[in-house]
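This report describes how helices and charged side chains are arranged in one protein chain. The reader is invited to keep the sequence and the model in view while reading.

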Amino acid sequence: MPPKKTDPAFEEALKQLETLVSAMESGDVPLALLVEKFEEGTRLVKICEERLKQAELKIEALRKQNETIVLEAFAPEGN
């Protein structure tokens, strides 16, 4: 499932994920909130994975496109 347009960009999702992990590792988070943070973290991981997958597909498409480019010698018209 592709990320929604309202989902954060990869960099922002990663930053949010790092903040969540730090908060969870601090040990100061109540269990109920810890579960909520885990759920949010799982959602952010999925967003990051999908954004990376999309980037890989675009790179692969560009590679394939570049493999088929044929350069032709320039010849002015009328010659």
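Is Arg-43 buried, exposed or partly exposed? In this predicted model, Arg-43 is partly exposed, because its relative accessible area is 35%, and partly exposed residues lie between the cut-offs of 20% and 50%. The residue is found in helix H2. The report turns first to the helices and then to the salt bridges.

**The helices**

Helix H1 has 17 residues, which should span 24 Å at 1.5 Å a residue. The end C-alpha atoms of H1 are 24 Å apart, in agreement with that expectation. Three residues of H1, namely Ala-13, Leu-17 and Leu-20, are buried. They lie on the same side of H1, because they cover an arc of only 65 degrees around the axis. The face of H1 turned away from this buried side carries the exposed residues Glu-11, Lys-15, Thr-19 and Glu-25. After H1 comes Gly-27, which has a positive phi near 85 degrees.

Helix H2 runs over residues 31-67 and holds 37 residues. From the first C-alpha of H2 to the last, the helix reaches 54 Å, close to the 54 Å expected. The buried residues of H2 are Gly-41, Leu-44, Ile-47, Cys-48 and Glu-50.

How do the helices meet? The buried residues of H2 pack against helix H1 (10-26). In turn, what covers the buried residues of H1 includes H2. One pair of residues illustrates how positions separated in sequence are placed in space: Arg-43 and Leu-17 are 26 residues apart in sequence, and their C-alpha atoms are 9.3 Å apart.

**The salt bridges**

How many salt bridges does the structure hold? There are 3 salt bridges in the structure. They are set out below with the distance between the closest N and O atoms.

| Salt bridge | Closest N and O atoms |
|---|---|
| Arg-43 and Asp-7 | 3.5 Å |
| Arg-43 and Glu-40 | 2.9 Å |
| Arg-63 and Glu-60 | 4.0 Å |

Arg-43 forms a salt bridge with Asp-7. Arg-43 lies in helix H2 and Asp-7 in the segment before H1, so this pair ties together parts that are 36 residues apart in sequence. Asp-7 is buried, because its relative accessible area is 15%, which is under the 20% cut-off.

Arg-43 also forms a salt bridge with Glu-40. Both residues lie in helix H2, and because they are 3 residues apart, about one helical turn separates them. The side chains of Arg-43 and Glu-40 are joined by a polar contact of 2.9 Å as well. Glu-40 has a relative accessibility of 28% and therefore counts as partly exposed. Through these contacts, Asp-7, Glu-40 and Arg-43 are linked in a network of salt bridges.

The remaining pair in the table is Arg-63 and Glu-60. Both residues lie in helix H2, 3 residues apart, which is about one turn of the helix. Arg-63 is exposed, because its relative accessible area is 52%, a value over the 50% cut-off. Glu-60, by contrast, is partly exposed, with a relative accessible area of 34%.

**Summary**

Arg-43 takes part in a network of salt bridges with Asp-7 and Glu-40. The buried residues of H2 pack against H1, and the salt bridge between Arg-43 and Asp-7 ties helix H2 to the segment before H1.

Key: Residues numbered from 1 in each chain as written. Predicted model: local features only at pLDDT ≥ 70, side-chain atom pairs only at ≥ 80, totals over all residues. Heavy atoms only, no water. Helix = DSSP H or I, 4+ residues; strand = E, 2+ residues; numbered from the N terminus. Expected span 1.5 Å × (residues − 1). Buried < 20%, exposed > 50% of the residue type's maximum accessible area, 1.4 Å probe, protein only. Contact = heavy atoms within 4.5 Å. Polar contact = N/O pair within 3.5 Å; in protein donor to acceptor, adjacent residues only side chain to side chain. Salt bridge = Lys/Arg side-chain N within 4 Å of Asp/Glu carboxyl O. Arc of directions from axis to C-beta.
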